[in-house]
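Could you walk me through this model in the viewer, stop by stop? I would like to know what to select next and what is there.

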Amino acid sequence: MYVPFEKDTLQKLSLIAFAQAILAVMGDTRQVVGFYPTELIIPTFRKRFMDGVLELDDGTLLNIEFQSGNLTEKFLLRCAQYAINLRVISGKCVETNIFSTGLRVKSKTIAFISRFFRFMPKLFFYSELDGSERLINVKNKIGNHEKLTLMDRYNLVFIPLMGNVDRVKVTFEVFKIANNKMLFTEDQQEEIKKCQYIVAQIIAEDDDELLNEFWEIIHMNNDFLARYEKDLIDKNTKRVTEQVTEQVTEQVTKTVTDNVTRKIAKNLKDILPDVEIAKRTGLPIQEVQKL
């Protein structure tokens with residue numbers, strides 16, 4: 001399938017929102033700060049593409065992989081290879097999160113690729129959750145004009161991946177709910193839809209016609225792309241500015257402290273021997289001798 005540039009960009013931007021939602025649901029306070037290349041080119045590994053790699057604010061790389069159906073040892077071995085090679089190439093800590101629509105009891109949870117390495121990713125099996133019950137709860141709240149909570153909004157994202165639902169039918173249903181401007185603010189709608197964009201691709205798999213139908217319901221436009229890219233740039237600029245400010249402050253503090261120490265040492269030159277001054281001020285003896 002040919003994917004236009006704007007949809008490819010939207011997919012990457014939406015993956016950030018999806019990953020951020022996952023972190024929030026897990027109670028993880030780390031923030032996603034940007035993308036990392038998903039392409040691995042290694043002579044013995046050929047060319048492989050990971051589903052998604054994002055950088056967190058603590059420098060960790062978060063590799064996200066999606067699997068329709070049960071996990072297999074072959075799939076986990078491939079993910080383990082991704083993790084090892086990404087660690088070697090980037091020099092950063094790598095965490096792997098795997099999202100499966102299969103069953104935990106039929107899936108391998110550990111893959112050994114050598115007697116020295118054990119691959120233990122975080123596994124998410126949404127089929128273990130009752131999507132039908134959660135959808136009914138959300139719809140009842142809407143019918144009773146109750147305010148939807150943050151967890152309700154997360155449920156609207158993840159319900160199509162849960163158990164006890166007709167995935168395609170429910171996907172259309174929750175996508176349409178997200179379009180209701182009476183239920184959500186513009187920002188809330190945008191966050192839900194960014195995540196739903198990723199869910200659409202998981203549910204549609206290789207069905208391009210179905211995927212396009214999902215995209216039409218989500219209604220994400222170029223205005224969103226422009227605003228979201230600007231937000232990312234602003235966040236990264238703020239982060240870099242804060243880091244530089246902290247470094248400059250530390251350097252200025254050190255410079256002032258060093259100058260004061262030298263001034264004290266110089267005043268002691270007529271009272272104490274150089275060795276004693278060096279001992280009391282912490283300055284190198286050679287520097288004391290030059291004062």
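**First stop: a buried arginine**

Arg30 is buried, with a relative accessible area of 15%. Keep in mind as you select it that the model is a predicted one. Arg30 sits in the loop that runs between α1 and β1. Now add Leu56 to the selection: the C-alpha atoms of Arg30 and Leu56 are separated by 6.5 Å, although the two are 26 residues apart along the chain.

Next, show the side chain of Glu95. The side chains of Glu95 and Arg30 form a salt bridge, at 3.0 Å from N to O. Glu95 belongs to strand β6 (residues 94-100) and Arg30 to the loop between α1 (5-25) and β1 (32-35), so this pair ties together parts that are 65 residues apart in sequence. The two partners differ in their cover: Glu95 is partly exposed, with a relative accessible area of 21%, whereas Arg30, at 15%, is buried. The cut-off for buried is under 20% relative accessible area, so Glu95 at 21% counts as partly exposed.

**Second stop: another pair across the chain**

Select Glu55 and Lys92. Glu55 forms a salt bridge with Lys92, and their closest N and O atoms are 3.4 Å apart. Here strand β4 (residues 52-56) holds Glu55 and the loop between α2 and β6 holds Lys92, so the pair ties together parts that are 37 residues apart in sequence. Glu55 is buried, with a relative accessible area of 19%, while Lys92 counts as partly exposed at 26% relative accessibility.

**Third stop: helix α2**

From Lys92, step back along the chain to Gly91. Just after α2, Gly91 takes a positive phi of about 75 degrees. Then select the helix itself, residues 73-90. Helix α2 has 18 residues and reaches 25 Å from its first C-alpha to its last, close to the 26 Å expected at 1.5 Å a residue.

Which residues of α2 are buried? Color Phe75, Leu76, Cys79, Ala80, Tyr82, Ala83, Asn85, Leu86 and Ser90 to see them.

**Fourth stop: helix α6**

Move on to residues 186-204, which make up α6. Start with Lys194 and Glu191, which both lie in this helix, three residues apart, about one turn of the helix. They form a salt bridge, with the closest N and O atoms 2.4 Å apart. Is Lys194 buried or exposed? At 1% relative accessibility, Lys194 counts as buried; its partner Glu191 is partly exposed, with a relative accessible area of 39%.

While salt bridges are on display, go back for a moment to the first stop. Asp28, Arg30, Asp58 and Glu95 are joined into one network by salt bridges that share partners. The structure holds seven salt bridges.

Return to α6 and pick Ala200, which lies in this helix. At 0% relative accessibility, Ala200 counts as buried. Phe175 is worth adding to the view: Ala200 and Phe175 are 25 residues apart in sequence and 9.3 Å apart in space, C-alpha to C-alpha.

Further along α6 comes Ile203. Ile203 is buried too, with a relative accessible area of 10%. Put a distance label between the C-alpha atoms of Ile203 and Ser68: it should read 8.3 Å, for a pair that is 135 residues apart in sequence.

**Fifth stop: two unusual backbone angles**

Most residues other than glycine have a negative phi. With that in mind, select Glu205, in the loop between α6 and α7. Glu205 has a positive phi of about 55 degrees although it is not a glycine.

Then jump to His145, in the loop between α3 (131-143) and α4 (150-158). What is the phi of His145? It is positive, about 60 degrees, although His145 is not a glycine. At 76% relative accessibility, His145 counts as exposed.

**Last stop: a charged patch**

Finish back at Glu205, which lies between α6 (186-204) and α7 (208-218). Show the surface and color it by charge. Which residues gather in the patch of negative charge here? Glu205, Asp206, Asp207, Asp208, Glu209, Glu213 and Glu216 do, on the surface.

Definitions and conventions
Residues are numbered from 1 along each chain as its sequence is written. This is a predicted model: local features need pLDDT of at least 70, side-chain atom pairs count only at pLDDT 80 or more; totals for chains, interfaces and linings use all residues. Side-chain values use heavy atoms; hydrogens and water are left out. Patches are made of residues with over 30% relative accessible area and no salt bridge: like charges are joined within 9 Å, nonpolar side chains (Val, Leu, Ile, Met, Phe, Trp, Tyr) within 5 Å. Accessible areas come from the Shrake-Rupley method with a 1.4 Å probe; for residues, only the protein chains shown count as cover. A salt bridge is a side-chain nitrogen of Lys or Arg within 4 Å of a carboxyl oxygen of Asp or Glu. Lys and Arg count as positive and Asp and Glu as negative; His and the chain ends are not counted. The place of a charge is taken as NZ of Lys, CZ of Arg, CG of Asp or CD of Glu. Helices (H or I, at least four residues) and strands (E, at least two) are DSSP runs, numbered from the N terminus. The expected span of a helix is 1.5 Å times one less than its number of residues. Buried means under 20% relative accessible area, exposed over 50%, partly exposed in between (1.4 Å probe, protein chains only).
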